[in-house]
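These are my notebook entries on one structure. I set down what I looked up, entry by entry.

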Amino acid sequence: MDELFLSDSEYRLMDIIWSSAPVESGKLVKLAEEKLNWKKSTTYTILRRLSTKGMVVNEDAVVKALIEKDRVQSYESSRIVTRSFGGSLPSFLMSFLGDKKLSSSEAEELKDLIDQFSDDN
């Protein structure tokens, strides 16, 4: 399932595409220049990589995303938890939180999520 893995530069361009699609390729070049300080050649190189991976299509100079942002985020999150924390979500959360304190509304939101995704439901 590594087809959903994106390098940092690929993800950054996809983020622009997700927020702007469908987007004319010329406008995408301008957006990447403004937001990422990229040259036209860099944008087209990364765009070709994304197209090869099946993430985008560039037809008639209009770029469209073929995969949803939340699907890539879900994959990347799972990959990090599996690789870095042996698949342990509690270990990931403890590391992520570190010395930070949750607000009562954040804690309540997390409790609701746990309840929603627990085996008992």
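**Entry 1: the loop after the first helix**

I began with Pro22, which I found in the loop between H1 and strand S1 (23-24). The model I am reading is predicted. I then checked the peptide bond from Ala21 to Pro22, and it is cis, with omega near -10 degrees. I noted this bond since most peptide bonds are trans, just as most residues other than glycine have a negative phi.

**Entry 2: confidence**

I looked up how far the predictor trusts the chain. The average pLDDT is 92, and 97% of the residues score at least 70. I asked where in the chain confidence is lowest and where it is highest. Helix H5 (residues 89-97) is lowest, at a mean of 90, and helix H2 (residues 25-36) is highest, at 98.

**Entry 3: Glu10**

I turned next to Glu10, whose place is in helix H1 (residues 8-20). Is Glu10 buried or exposed? Its relative accessibility is 2%, so I recorded Glu10 as buried, the cut-off being under 20%. Leaving out residues up to four places away in sequence, I listed Phe5, Ile46, Arg49, Leu50 and Lys53 as the residues that Glu10 touches.

**Entry 4: salt bridges**

Side chains of opposite charge can pair when their charged atoms come close. I searched the whole structure and the search gave four salt bridges.

One of them joins Arg49 to Glu10, with the closest N and O atoms 3.7 Å apart. This pair links distant parts of the chain, as Arg49 is in helix H3 (residues 40-52) and Glu10 is in helix H1, 39 residues apart. I recorded Arg49 as partly exposed, at 39% relative accessibility.

Glu10 also meets Lys53 in a salt bridge, at 2.7 Å from N to O. Lys53 lies in the loop between H3 and strand S2 (56-59) and Glu10 in helix H1, so this pair ties together parts that are 43 residues apart in sequence. Lys53 is partly exposed, at 33% relative accessibility. I therefore drew Glu10, Arg49 and Lys53 as one network, joined by salt bridges that share partners.

I also looked up the salt bridge between Asp8 and Arg12, where the closest N and O atoms are 3.8 Å apart. These two residues are four apart in helix H1, so about one helical turn separates them. Asp8 is exposed, with a relative accessible area of 56%, whereas Arg12 is partly exposed at 34%.

**Entry 5: Ile46**

I followed one of the contacts of Glu10 to Ile46, which lies in helix H3. Ile46 counts as buried, at 4% relative accessibility. Not counting residues up to four places away in sequence, Ile46 touches Ser9, Glu10, Leu13 and Trp38. I also took a distance to Ser95: from C-alpha to C-alpha, Ile46 and Ser95 are 32 Å apart in space, and they are 49 residues apart in sequence.

**Entry 6: helix packing**

Two packed helices are described by the angle between their axes and the distance between the axes. I looked up H1 and H2 and found that their axes come within 10 Å and cross at roughly 125 degrees. That angle makes H1 oblique to H2. I noted the crossing of H1 and H2 as right-handed. On the H1 side I listed Arg12, Leu13, Ile16, Ile17 and Ser20, which meet Leu28, Leu31, Ala32, Lys35 and Leu36 in H2.

At what angle do helix H4 (residues 69-85) and H5 pack? I recorded about 90 degrees, with the axes 9 Å apart. H4 and H5 are therefore roughly perpendicular to each other. Here Ile80, Val81 and Phe85 in H4 meet Leu89, Ser91, Phe92 and Ser95 in H5.

**Entry 7: positive phi values**

I closed with the loop between S2 and strand S3 (62-65), where Asp60 lies. Asp60 is not a glycine, yet it has a positive phi of about 55 degrees. Asp60 counts as exposed, at 76% relative accessibility. Ala61 is found in the loop between S2 and S3, and I read a positive phi of about 65 degrees there, although Ala61 is not a glycine. I recorded Ala61 as partly exposed, with a relative accessible area of 41%.

Notes
Residues are numbered from 1 along each chain as its sequence is written. This is a predicted model: local features need pLDDT of at least 70, side-chain atom pairs count only at pLDDT 80 or more; totals for chains, interfaces and linings use all residues. Side-chain values use heavy atoms; hydrogens and water are left out. Buried means under 20% relative accessible area, exposed over 50%, partly exposed in between (1.4 Å probe, protein chains only). Contact means heavy atoms within 4.5 Å. A salt bridge is a side-chain nitrogen of Lys or Arg within 4 Å of a carboxyl oxygen of Asp or Glu. pLDDT is the predictor's confidence in each residue, from 0 to 100. Axes are lines fitted to C-alpha atoms, for helices over the stretch in contact, and angles run from 0 to 180 degrees between N-to-C directions. Angles under 35 degrees count as roughly parallel, over 145 as roughly antiparallel, 65 to 115 as roughly perpendicular and the rest as oblique. A crossing is left-handed if the near helix is turned anticlockwise from the far one by less than a right angle, and right-handed if clockwise.
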